[in-house]
Amino acid sequence: MVARKEVSLFVTCLVDQVIPEVGVAAVRLLRRAGYQVAFPQEQTCCGQPFFNSGFQEQARTLAARTVDIFADAPAVVLPSGSCTTMIRKEYPHLLAGNPRYAYRARRLARKSFELSEFLLHQAGWQPPTSTPRGAVTYHDSCHMCRMLGLGAEPRLLLAQTGHELVEMAEPDRCCGFGGVFSIRMPEISNAMTTDKLDQAADTGAPLLVTADPGCLLQMRGLAGEKGPSIQHLATVLEEATR
Amino acid sequence: MTVTIASFRKEAATAVGDAHLQVALETATGHFRDGRSEALAELPDAEALRDHLKAVRAATIARLADHLETFERNAIAAGAHVHWARDAAEAAHTVTELARARGVRLATKSKSMATEEIHLNQALRAAGVEPVETDLGEWIIQLAEEPPYHIIAPAIHKTRDQVAALFAAETGAPPADDDIATLTAIARRELRQRFLNAGMGISGGNLAVAETGSIVLVTNEGNGRMVTSLPPLHVAVIGIEKVAPTWDDAAAWLSLLARSATGQPLSIYTTVITGPAQEGDVDGPAEVHIILLDNGRSRLLGTEYEEVLQCIRCGACLNICPVYREAGGHAYGSPYSGPIGAVVSPLLFGLENYPALPHASTLCGACQDVCPVRIDLPRMLLALRAEEVSHGLASPAETVMEKGAAFILAHERLLRWGRRLLALGQLPLVAGRQLQLPPNLNPAQERRLPALAPRSFHEIWPELEDEDV
């Protein structure tokens, strides 16, 4: 048997603790794309919640820890645009002042990828041809679309797996999560989510897909009986390529 | 007044619960958003022009003192008087002293955020001068005794019938109709006499052009021209960051200002004021005074916040901001609301007075996307949050929780055992995959918080590792 390419999964804390099925789906997708998946056991959180709340020291500790854990991984894949942004855009300057970590933080930034980005651009994965699966609408999570510039990738994979994309009026409008913001200012957060869900319902698509666990849980928290089912990109792609 | 998380939430909750207000906000900001997109698309290369203006603004701010001195020299040469004001009190005092020395009792004003910032109307009234706002939106909120709701559209939140009621109270007679033409005609009639009687006209300045010592005003109603040309005395209050070295720079600035703000290629009126009326001019004031307002701005030079001085006050970030669109302008407790307000209010007026504002954002980044000079507002909100923590302004409860959570997350075994306990402990509250918390105990209010999964990914992994591929 030919030795397969290897990749490490950073499952992220929300997926680990709350929606592990997203991690399971990510592993299966990576294997279908021809990769052997490693899961370093010490991993916990990338530190973003602390970074966003201004607790820089705590964020730095968790960032350094993550750099250590994934030091030897050939590549790291995350089923979250937001956590990928933290590693790629924030780690290099967050750890720039620490000579033990500065270089390795930049190296980790270069080898970390959001799942759909990795599947398309690194793995060159071609999903098997699929029968039509009906309409979906895609929510662009903020960090993923604005800071990583990823919006075409998840849409392409959805289209390739037989989904028909129907766009919301403002697909890149924030869902209202914003980490601690969602409990610091719940009135505004919930109003934002309600607007998002209304826009999703207006598309008529039975399925609302996002690539970020934070957005997913936020939107599910206010989803009603009538609106679309809200799913993570990984689970949708995994089901469609069985 | 301190804008706390609690006060911000209270104001925002009122706005969120007001269906009329939400429709008005969404209609107006939507109109501005669409206008902006269309107006930028008309340019041959809007992105290149934004980069150019950004470079101009950055270079100007980097040598701000030089450009201000050039401006002063040329403004004086054109016959204007230039005053430097360290802070709000000094600026307001300069205006009231000018009024007192000339016996002015009535002052007309064109829309100016700088005069809102220095609370000039209160200072004028205290000095026995009646200020009259002549921008329609500003006049409406002056009658309502409210601060502006939006940087460029101060009365964006008022409905026609609310305006009609305010006009009725002011004129003593209910308007014949509450259509826009009737209401505008009332404003025109009421304000006309004040324009003619005022001893002083007060304006802001959208920009100041150093090479000719000129002030440029961008307006849509023509009131700016009346204010700056009818009274014998014109006073302009302008922030020191609003200087354009040359007219070429001003051209780039103007071609993005109205496009980003209202979606107009240019506003209806672009007024250039270079000194007082000269011999042979048919109108214009005998005296022009320009007050260059610092009020915390120079303190930002050379800091990680210097970039915010590049702002041209177009308001595009308010129109796109998903938080502003729900919370409205008053929650910010400052003349500057929305993302730019969340950054400049703490910076200019003190973080201790605006502790809520750095948190009034999901850091979605839409503001930076639409900013004509691409100011990295999310980065500055993060820096302000970090400043709060490092200065001990974060609440003790939050500090304990954040530090505790970070400690647990830095110790994988602790997390593993802690989550097992929690996963068991939460069971009585779990329904589906969500927690059913009593409403008064749910920090997310009506939003259902997710429950911990029965088994974590860590616990599932051994089976997954063996899974047949």
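# Helix packing, sheets and the A–B contact in a predicted model

In this predicted model, Ile87(A), Arg88(A), Tyr91(A) and Pro92(A) of helix α5(A) touch Ala105(A), Arg106(A), Leu108(A) and Ala109(A) of α6(A).

User: Which class of residue, nonpolar, polar or charged, is absent from the contact of α5(A) with α6(A)?

Analyst: Happy to walk through it. From α5(A) come Ile87(A), Arg88(A), Tyr91(A) and Pro92(A), and they meet Ala105(A), Arg106(A), Leu108(A) and Ala109(A) in α6(A). Sorted by class, six are nonpolar and two are charged, so the absent class, with no residues, is polar.

User: Is α5(A) roughly parallel or roughly antiparallel to α6(A)?

Analyst: Let's start with the geometry. Helix α5 (residues 81–94) of chain A packs against helix α6 (residues 102–111) of chain A with the axes 8 Å apart and an angle of about 165°. The crossing is left-handed. Angles over 145 degrees count as roughly antiparallel, so α5(A) relative to α6(A) is roughly antiparallel.

User: At what angle does α5(A) run to β4(A)?

Analyst: Here we look at α5(A) against strands. The helix lies across β3 and β4 of chain A. Its direction relative to β4(A) is about 155°.

User: Which strands stand at the edges of the sheet β2-β1-β3-β4 in chain A?

Analyst: This open sheet has four strands with parallel pairing, in the order β2-β1-β3-β4. Its neighbouring strands are turned by 35° against each other on average, direction ignored. An edge strand pairs on one side only, and in chain A the ones that do are β2 (35–38) and β4 (112–114).

User: What is the bridge partner of Ser8(A) in β3(A)?

Analyst: Strand β1 (residues 5–9) of chain A pairs with strand β3 (residues 76–78) of chain A in the parallel sense, over two bridges. For Ser8(A), the partner in β3(A) is Val76(A).

User: Why is one side of β8 and of β9 in chain B left without a neighbour in the sheet?

Analyst: The open sheet in chain B has four strands in the order β8-β5-β6-β9, with mixed pairing. Strands β8 (243–244) and β9 (269–273) stand at its edges, so one side of each has no neighbour, the reason being a single partner strand for each.

User: Which residue of β8(B) is the bridge partner of Val209(B)?

Analyst: Strand β5 (residues 207–209) of chain B is joined to β8(B) by two bridges, and the two run parallel. On the β8(B) side, the partner of Val209(B) is Ala244(B).

User: Is α11(A) roughly parallel or roughly perpendicular to α12(A)?

Analyst: Helix α11 (residues 186–202) and helix α12 (residues 213–222) of chain A have axes 9 Å apart and pack at about 85°. Since 65 to 115 degrees counts as roughly perpendicular, α11(A) is to α12(A) roughly perpendicular.

User: How many charged residues are in the contact of α11(A) with α12(A)?

Analyst: Asn190(A), Thr193(A), Thr194(A), Lys196(A) and Leu197(A) in α11(A) meet Gln218(A), Met219(A) and Leu222(A) in α12(A). By class there are three nonpolar and four polar residues, and the charged count is one.

User: Which element gives the most to the side of chain A that touches chain B?

Analyst: In total, 50 residues of chain A are in contact with 48 residues of chain B. Elements that give two or more residues on the chain A side include α2 (20–32), α4 (56–69) and α12. By class, that side divides into 26 nonpolar, 16 polar and eight charged residues. With seven residues, the element that gives the most is α11(A).

User: What ipTM does the model score?

Analyst: For chain B, pLDDT averages 96, and 100% of the residues score at least 70. The model's pTM is 0.96, and its ipTM is 0.97.

Terms used:
Residues are numbered from 1 along each chain as its sequence is written. Chains are lettered from A and ligands numbered from 1 in the order in which they are written. This is a predicted model: local features need pLDDT of at least 70, side-chain atom pairs count only at pLDDT 80 or more; totals for chains, interfaces and linings use all residues. Axes are lines fitted to C-alpha atoms, for helices over the stretch in contact, and angles run from 0 to 180 degrees between N-to-C directions. Angles under 35 degrees count as roughly parallel, over 145 as roughly antiparallel, 65 to 115 as roughly perpendicular and the rest as oblique. Two residues are in contact if their C-beta atoms, placed from the backbone, lie within 7 Å. Two strands pair if DSSP finds at least two bridges between them. pLDDT is the predictor's confidence in each residue, from 0 to 100. A crossing is left-handed if the near helix is turned anticlockwise from the far one by less than a right angle, and right-handed if clockwise.
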